[in-house]
Structures are given as C-alpha cells and as structure tokens.
Amino acid sequence: MIDPVIASRLQFAVTTIVHIIFPVMSMGLAPFLIYFTWKEIRTDEQVYEQLRAFWTQIFAISFVVGTVTGIVLEFEFGTNFAAFSTAAGELFGGPLAVEGMMAFMLEATFLGIFVFGRERVTDRLYMLSSIFVGLGTWLSAVWILIANSWMQTPRGFEMATKNGQPIVSLVDPIAAYANPRFPWMFVHMQNAAVLSVALFMAGVAAYFVWTDRDTQFWRKTMKISLAVLLVTAPFQAIHGDAYGRHVADTQPQKFAAMEAQYDTDSSVGLKLLAFPTSVSDITDPRAEELFVIELPFLASILASGGNPGATITGLNDIPTEDPPVAIVFWSFRAMVGLGMWFILLSFWGGVRWLQGKLFEDDLLAKALVGSSVLGILTVELGWIVTEVGRQPWVIDGVMKTSAGVSPNLTGTEALATLVGFVVVYSLLLVLYTYVVLRIIREEAPTDPPKQAPADPPKPAAETPESAEGVPSDD
Amino acid sequence: MTDPVALSLADGPLFGLPLDTLWFALVFAVLGTFLFLDGFDFGVGALFATRDAEAERETLLAAIGPFWDGNEVWLVVFGGMLFAVFPSVYAALFSRHYLLLFAILAALLIRGLAPEMYEQRHDDQWQTWWGRAFVVGSVTAPFFLGVFVGNWLFGVEEFASAASLLVGLAVVALTITDGATYLGLKTRGDIRIETRPMGHLAQAGYLLLVVAALAVGGQSASHVSLLSLPTLALLALTVLLAAANVVASRRDRHVLALGAVAGQAYGLVALVATLLFPLIDPVAGLEVADAIVSTLPLNLSTIAASLLLPLVATYFVVLYSSFSGPVEDEESYA
C-alpha cells in the first residue's frame, strides 16, 4: 500500500494546485470590478454597467468554487498533517483564524450584496460592497501568505514541550508574522493575479476581435486589460529578479535547486535557456552537464546583490536531502520564460495601440487568445518552485514534511481520498471551464457600439491598479 | 530580540480572565451560529425536493442566494479558531475522523456547486440532476457534521457509532425545521403553507432524536453525565423553544419562530459543550485547561476575536437588512 506521507503530499499538491486557480481569478478580477463599478456609477455609461455585470458572473462562479475547494485546504492541515498542526498550531493557526474573521467574512457577506443587490441597495452601498469584496480577497491573501511565508523563513519562535510533545512556541509575533519572506510573496502573488486576469480578459476579448464580432464592450475590455498588462508584466520581472536574490539569501537550498547547482562555485552564470542533451538531463538536470545559454556571472550577481564573483552553495554541500531538483529547475525556467513572453506580448499590443491598429492585427489577436490561460499556468509553476523547492522541510530548517503527517493515518485511507480528489477535481475543472465558456458565449452583450469606439489610450493614472492602490513599481 | 508588548502579553491571560473556558465556549458558539445560519440553507435545500414547479424552485434558491456563502464561512471560522487555540484537539479530531471529514467536505462541495450549476442551463434533465445533487448535498452535509459532533462528544474512535448516527439525524431534523421556518419568513403563498407542516414534523423528530441520541450515547460514554442540572435545564429549554416555534409559526410570527429555532441550535451546541466539559477530547482524556495554547498566542487570538467578531456581526446585519422581506416574484438565483 502507498506510503501515507507520499499520498498526503500528493493530495495536498492536487488540492492546492486546483484551488489556487480560483483565488487568482477572484483576486485578479477584484480591482477591475471596483473600477467598473466606480465608472458605472460616476459616468452612467452603459458599457461599464455591462463590463461590471459580465465579469461579476465570472467572479461569482470563481468565488463559489474557491470557497468549496478552500475549506478542503483548511481541513487538510488537521486530517493529513496532524503532527505539523499540533507542533506549529501556536504560530500557524492564528493567521488562519484571523483570515476567516477578517477577510473571508468581509468577502462572503458583501459578495451577496454585490452579486444580487444592484437593484436593492443604494449606489453608495453598492460601491462600498465592491470595495469590501475586493478588500476581502486581498486580505485573505495577506493572512494565508503570512502563514505560508512563516514556514519559508520562520522567525519569532522557540522550541518548547507541551503535554510531552515538542512544539514550536510563539515568542515574538512581530518577527514571526512580519517575517522576511512575506512582503516578497505578497507583492509577487498579487501582481501575478492581476496579470493573469488581465491576460485572460485580453485573450477573451481578442477572440471576439479576431472573429470579427468585436463590439464596443470587447474593445473596451481589450484596451483596459492591455493597459494593465503593460504595467504588471514588466513589473513582475523586475520584482521577480529581486525576489530571487532574497531566496538565495534566505533559502540557499531552494536557490541551488532552482539553478540545479550541485557543486559550490563562484562566478556562476545565470542559465537563461537550458536545453537537455539527453533524457537524463530532463529528469536529473545538473548545471555542469546541461547545454545552456547563460548570462555570465549573473547567478552570482543575483544571489549576492551585485558581486559577480560571489559563491553559490551547491546542493552537495547542504547536509539535508535535496528537493526534487528536476521539478524545481524546469518549473522555474518555464515560469521565467512565460513571464518574458508576457512582456513581449504587452509591448506588441502597446505598439499596435499607439499605431491605432490594435484591432487589425490578427496575429496579435491569435497570440492573445493562445495566452489567455498561460498567466494562471505561470502562477502554478511559481508555486511549484516555492513549495517543491522548500522540501524536505515543511518549516524551513525546523520540521521535515515527513514528520508532519498524521501519525495514525493509514495508506489505504490516504489513497482513497487521493483518488477521490483526482476524480472529483477533474470533474470540477471540466464544469468550471464549461461554465466560464458558457458565460463568455452566451452572456456577453452583443449590442452594436453606441458611441464612437475610438477612445484614446488612457494614461496609466486611470488603469484599475491605481484605482485600487496596487503598487505599480518599486 | 523580543519586544516589550509581546513580553507583557505573555505574562498572563488578559485581565486575568479564564480564557481557556471562554474560548471553549466561543468555539461552540461559532459552531452554533453556523448550525443556525447555514442550517436554514441546508433545510431549504432538503425542502427543495418537495417542490416541482420551476418558479417555486427558483424562489427557494433566491431565498438563500445572497446568504449561504457568508453563512458557510462560520464553519471556516470554527475550524480556524479550533486550530488557533486548541491546535492539538483540532489535529487529533480531524485526523481521527479522516474519512468522515472528507465526507463532510464532499457534501459541502456538492451543496455549494449545485445551485450555481442548476442555473447554467434550462433544460429539464440538467436541472433535474443538479436539483437532486443540491438536495443530496444539503441533507448529507448536516448529517455528517452531526455524526462528527456525536463522535467528538461520545469519544467514538471508529467512523460512527449508533449514538453519533442519531446525532447526525437530529441535526438533519433541526436544519429542516430551520429551513421551513425560514421559508415562512422569506416566501409567500403555497410554499409557506405547504412547508410549514413539514417543519413541524421535523421539529418533533428533532426532539425525539436528541433524547434518543443522549440515551444511547450516555450508556457507553462514562464522561457524559445526563442527569446533571445543566443537561436537564438545556433539554427542558429545547422542548420549550420547540413548542414556541410551532405556536409562533402557526400565528405567522415568523421572526419569533426563527428565533426559537436559533435558540435550539445554540442549545444543542451548549448541550454538547456542557456534557464534554472539563474534557475537550474524551478519547485522549484531554482537558480544556491542558489543551489551550500558550498565553501569548491566546491573548493575541482574544484581541483579534474581540475586535473582529463585532465587525462581522455588522456585515451580517447589513447583508440581511439589504434583502429583508419575502423574495419578490422576479428574483432568482442567477
């Protein structure tokens, strides 16, 4: 029978990989919806009412599926990782409880008003509801990422014994919860969510443009999402570069796995593109053996913050067992590659927009359609780097994942639920896709444009991020 | 380096309060809030099986549409609070009842998804199947939750015992009572008239099932003292509230009737809490005072809950008052 440790880890992987799609959709849509609602109320223009009503439907289904898959994760800490929960509950449970009270409650109650209440409540309360729903989704991320980042860079605790069991005891809450990783994760994740949704919106709009069914509604969607893409795509790369440096400082083992660096070395180049030369390179990439196009010294510069001769510790010189290097190495490369593609795509669109030919470039439209869900895929890859890369630790340097699994869990039980999730979540993804496609096909307004469609490019000050107050640059 | 605020918060419980007992009560109060609020969503879901007309089905879905999501979050808060202040109990209970917990999750998933799916297409077969899924999820979710609470109370280690199955059925009966009473408030005409006797039947069933569960469970669990004053007082109160619900709903005093059901939901969790206390996990023989987290995180959770729960109450007041009164004819779930 399967090892309950392996089954529990696989199950957690499956359930988080599926779940994260829906918060990305709701967190990314939130600033757009606040902007649409604000414009609808301020300008009374029909197109903003249509935009708000249409994208709220996508938000609502994402929120429901996000709720039912999110509760699963909260329960899984207890069901599958009871030893971890007992040992780390003092630090880890608090943020989850606060997330429920502060964030999830705000989001779930005002969503009722936001989805069902347009005709029932005043404009002012409706506007407030959109802000509270958006705030709720983002605050949720704050508390979940506080909990996660503490596991990556644990601070503010000491080891203690309770009821005869070793536990991690909280001594300094500020150090624990404002830990070094949190701000990096939060900015990277939120920008990724907005970027992913902008790509999705642009992709859907581009489909209608490409098939010559573009109305004012789709043109507006395309322009707004492209404006957001032009800010978020380059920002993600600039921020990601600095984030990488922070990972090298705080989790050298993860960084070495990202670079497949086995031997400690100085003046290491950054492997911009890596090509496997044999099958074993795919399953067991090693920096020394790959055919790579690399930027000389850049990995050293990255890791040290400017010193081209800096030493990078290799996996062979780290005493604990390695994380699954191949998964981390290739996921990282795919993530960065896709991130570069998004920048290129946004510039391409930007140039066409300036030329006044945004809706005439079929190839651009096709590229956008093809990229519509790649943002979400990239978020998944990034989380795989983060979570697989921190193995074998569940709490970095403190507790191994294998020690965190429920002691009384049997392989049969764990396998039964794992298989159950694979089946149920596959169906869930099919249903979610079906519903989203149905909404796009059937619920989009088809009215011919009422006003002249040629809006001049909006300055950055009117893009949704600035309305929401998202940091747009460092 | 430890900052001075953290140090003073680690000295002792805030204001010298018996925070362990207060949190034990609060965790059950949150569970009771979930049971009452999501209870009527579950009940409406169960009663959905009794309505065939398309317009009536839409009315039922519209009656819970804006609310069920917020109501369900009380379960998330219950889990989070248990994790934050009694982490070892959270871990022991959830891992001990592994398959049961996933049964609860599966039921909640079906219940949450079904109304969304139901509205996606208007062909008969699609709506028949998603309507059935909605009913199944709405009945099995409270059933498995009740079994879980029964297992917790009676210290059952296997999937379920006769007593915990009876608790599960009792909770289903209570949610149907809750749903029928709620529909009295939120609908007019045939739905209100025809679901009322179903609610009254469920109300009677609830009383019988609670007594039966206690009688069966009390025999095998030595820590459960049935003939104590608080137990008998809570049972007497439950009978009174059940009578009040029946009388009030017959006189169309729907808010009063719903209040009587709320009282029974809180009465049930109070009964479970008093029967357990001072134990919190009978299987491990663990007491509340030993299971509580250290003083510093306990004080922090106390501060967080004191600030946030009043705010949360405000959100619910705003939500429910925005959609007060019976569902209008043109309103639907979509």
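Between chain B and chain A the count of salt bridges is zero, a result that belongs to a predicted model and that invites a look at what the two chains do share. Residue pairs in polar contact number 13 between chain B and chain A, with both partners at pLDDT 80 or more. On the side of chain B that touches chain A, the residues divide into 46 nonpolar, 13 polar and nine charged.

The extent of this interface can be followed from residues to area. In chain B, 68 residues are in contact with 66 residues of chain A, and the area buried between the two chains is about 5700 Å², with carbon and sulfur atoms giving 73% of that area. Within chain B, the residues that lose the most area to chain A are B:F83, B:Y98 and B:Y315, which together account for 12% of what that side buries.

Which helices of chain B each supply at least two residues of the side that touches chain A? They are helix 4 (68–85), helix 5 (87–96), helix 6 (98–118), helix 7 (124–154), helix 12 (288–291) and helix 13 (295–322). Helix 4 of chain B gives the most to that side, with 14 residues.

Salt bridges are nevertheless part of the structure, which holds 18 of them over all chains. Side chains of opposite charge can pair when their charged atoms come close. In chain B, the side chains of B:D38 and B:R111 meet in a salt bridge, at 2.8 Å from N to O. This pair links distant parts of the chain, since B:D38 lies in helix 2 (residues 19–47) of chain B and B:R111 in helix 6 of chain B, 73 residues apart. Both B:D38 and B:R111 are buried.

Chain A offers further cases, in which the accessibility of the partners can be set beside the pairing. A:D361 forms a salt bridge with A:R352, with the closest N and O atoms 2.7 Å apart. A:D361 has a relative accessible area of 12% and therefore counts as buried, whereas A:R352, with a relative accessible area of 26%, is partly exposed.

A:D123 forms a salt bridge with A:R118, the closest N and O atoms lying 3.1 Å apart, and at 38% relative accessibility A:D123 counts as partly exposed. This pair also belongs to a network of salt bridges that links A:E40, A:R52, A:R118 and A:D123.

Conventions: Residues numbered from 1 in each chain as written. Chains lettered and ligands numbered in written order. Predicted model: local features only at pLDDT ≥ 70, side-chain atom pairs only at ≥ 80, totals over all residues. Heavy atoms only, no water. Contact = heavy atoms within 4.5 Å. Buried area = accessible area lost by both parts, 1.4 Å probe. Salt bridge = Lys/Arg side-chain N within 4 Å of Asp/Glu carboxyl O. Polar contact = N/O pair within 3.5 Å; in protein donor to acceptor, adjacent residues only side chain to side chain. Helix = DSSP H or I, 4+ residues; strand = E, 2+ residues; numbered from the N terminus. Nonpolar A, V, L, I, M, F, W, Y, C, P; charged D, E, K, R; others polar. Buried < 20%, exposed > 50% of the residue type's maximum accessible area, 1.4 Å probe, protein only.
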